[in-house]
Amino acid sequence: MAQFQISLPALERNARILYEVACASGARVLVALKAFSTTAGLAVLRPYAAGCCASGLYEARLGARHLGGHVAVYSPAYREAELAELLEFAHHIDFNSVPQWQRWRATCLAHPRVQSGELQLGLRINPCFSTGHTAIYDPCVPGSRLGIPAEQLAGADLTGISGLHFHTLCEQGAQELIDTFRAFEKQFGSLLASPQIRYLNLGGGHWITKPDYDRAALIGLLREIREMYHTEVYLEPGEAWAIHTGVLRARVLDVFESLGYHHAILDVSASAHMPDVLEMPYRPEVYTLCPGGTGTPALSLPGEQYSPAGTPGEKAHTYRLGAPTCLAGDIIGDYSFDHPLQVDDTIILDDMSHYTLVKTTHFNGVPHPDIAVVPADGSVQVVRPFSYTDFESRLG
Ligand SMILES: Cc1ncc(COP(=O)(O)O)c(C=O)c1O
């Protein structure tokens, strides 16, 4: 049975790095739950995180319960009942458009938690400054619905607003953030400098836990913003907390040749279990079990060694790894191996903790991989088994 496996020590390694950035810069670093929300993993992050970044009521409730601390919410639009509940426990609520702010302004300003300052209200800004290369992940593409551009903000009634928020990056470095902040500063610097603004949220997309990320440059920028603008600064990465902390362990169900290709059908689906492989798209690293192998996936179990798969043709045996679904394009990719693949071989799909577990489906009724955590002793502890009843009950 396929299984998502999450390394708890690897989560803690990332969390320590983010905590160090928070301590050195004075910024508050939240966990974006949209990237990772397995509660057994959040328990590890909790001591290091300032709180959560939530996309709406459900994530906000999860964060309040399993991370504690600060609850920052941003949604492109709020429902009445959702907002009423958020007003009772969130600490920041950010609005995506001037009409959303106008619609909810009176309700928010009448609330005692807003009046006492316990809950602050902000606007998501769009600095219209793209640094990414993948349009589907770029909130600054022409025609974007995410965030308020400068010309839309001009003339709006900002009474009651005390925060600004932008999110434009995706898997990017400190320099892209610096460039984006400078573009933001040119357009919104005078508003940021006004005493009305008490927090600035720099969104997510900061790949802070990547070994070559320039953390000194990030810390320098965060300190500069805090000192120059006398404002609290928030970061809300998701991926950086959970990157390189887990694998999806799959099994070969069939091997055959057709139309000039060698196919291996796995018991997992890109569409149902790793949608970013198709959406982004990207090519995950793949490993096989191999005594004496020197590969290092995100998670290694005691007594196992791993060999990395190569690009097509690099090693002796090339296969197209595909899913047991009807979708013709449900293909993980073409990989080569030292040995021919056989039914029941284990295939390790690397780096599958972030933006995978949160996006899975039961498409085609493919059994959902169980979710397991692996503490430092290397034991595999299933925290969420899945069965037929999950499939049957999901769609009513
Ligand atoms: C508003 C907002 N904040 C934070 C994040 C987290 O980004 P990442 O996981 O890339 O760090 C996202 C991701 O889409 C987002 O839309």
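Let me begin with a single residue, Val 382, which is partly exposed, since 14 other C-beta atoms lie within 10 Å of its own, and that count falls between the 12 or fewer of an exposed residue and the 20 or more of a buried one. Please keep in mind throughout that what we are looking at is a predicted model. Val 382 belongs to strand β19, which covers residues 381–384, and if we set aside residues up to four places away in sequence, Val 382 touches Asp 370 and Ala 372. Although Val 382 and Ala 372 are 10 residues apart along the chain, their C-alpha atoms are separated by 3.9 Å.

Now let us move to helix α1, residues 8–25, where we can do a small check together. At 1.5 Å a residue, its 18 residues should span 26 Å, and because the C-alpha atoms at its two ends are 26 Å apart, the expectation and the model agree. Which residues of α1 are buried? They are Ala 10, Leu 11, Asn 14, Ala 15, Leu 18, Val 21, Ala 22 and Ser 25. These residues cover an arc of only 135° around the axis, which means that they sit on the same side of α1. As for what covers them, the list includes strands β1 (3–7) and β2 (28–29), together with helices α2 (39–45), α9 (215–229) and α10 (239–242). After α1 comes Gly 26, which has a positive phi, near 80°.

Next comes the sheet. Nine strands form an open sheet with parallel pairing, and their order is β2-β10-β9-β8-β7-β6-β5-β4-β3. The edge strands are β2 and β3, each of which pairs on one side only. To take one pair from the inside of that order, β9 (residues 199–201) and β10 (residues 232–235) are joined in the parallel sense over three bridges, and here Leu 200 stands opposite Val 233 in β10.

The ligand is surrounded by 15 residues, and the closest are Ala 32, His 167, Gly 204, Gly 238 and Glu 239. Sorted by class, this shell has seven nonpolar, five polar and three charged residues.

Finally, I would like to point out some details of the backbone. Met 280 and Pro 281 are joined by a cis peptide bond, with omega about -20°, and Pro 281 is placed in the loop between α12 (276–279) and β13 (286–289). Cys 128, which is not a glycine, nevertheless has a positive phi of about 50°, and this residue lies in the loop between β7 (120–124) and α7 (150–153). Asn 364, also not a glycine, has a positive phi of about 65°, and its place is the loop between β17 (346–350) and β18 (370–374).

Technical notes. Residues numbered from 1 in each chain as written. Predicted model: local features only at pLDDT ≥ 70, side-chain atom pairs only at ≥ 80, totals over all residues. Helix = DSSP H or I, 4+ residues; strand = E, 2+ residues; numbered from the N terminus. Expected span 1.5 Å × (residues − 1). Arc of directions from axis to C-beta. Contact = placed C-beta atoms within 7 Å. Near = placed C-beta within 6 Å. Nonpolar A, V, L, I, M, F, W, Y, C, P; charged D, E, K, R; others polar. Pairing = 2+ DSSP bridges.
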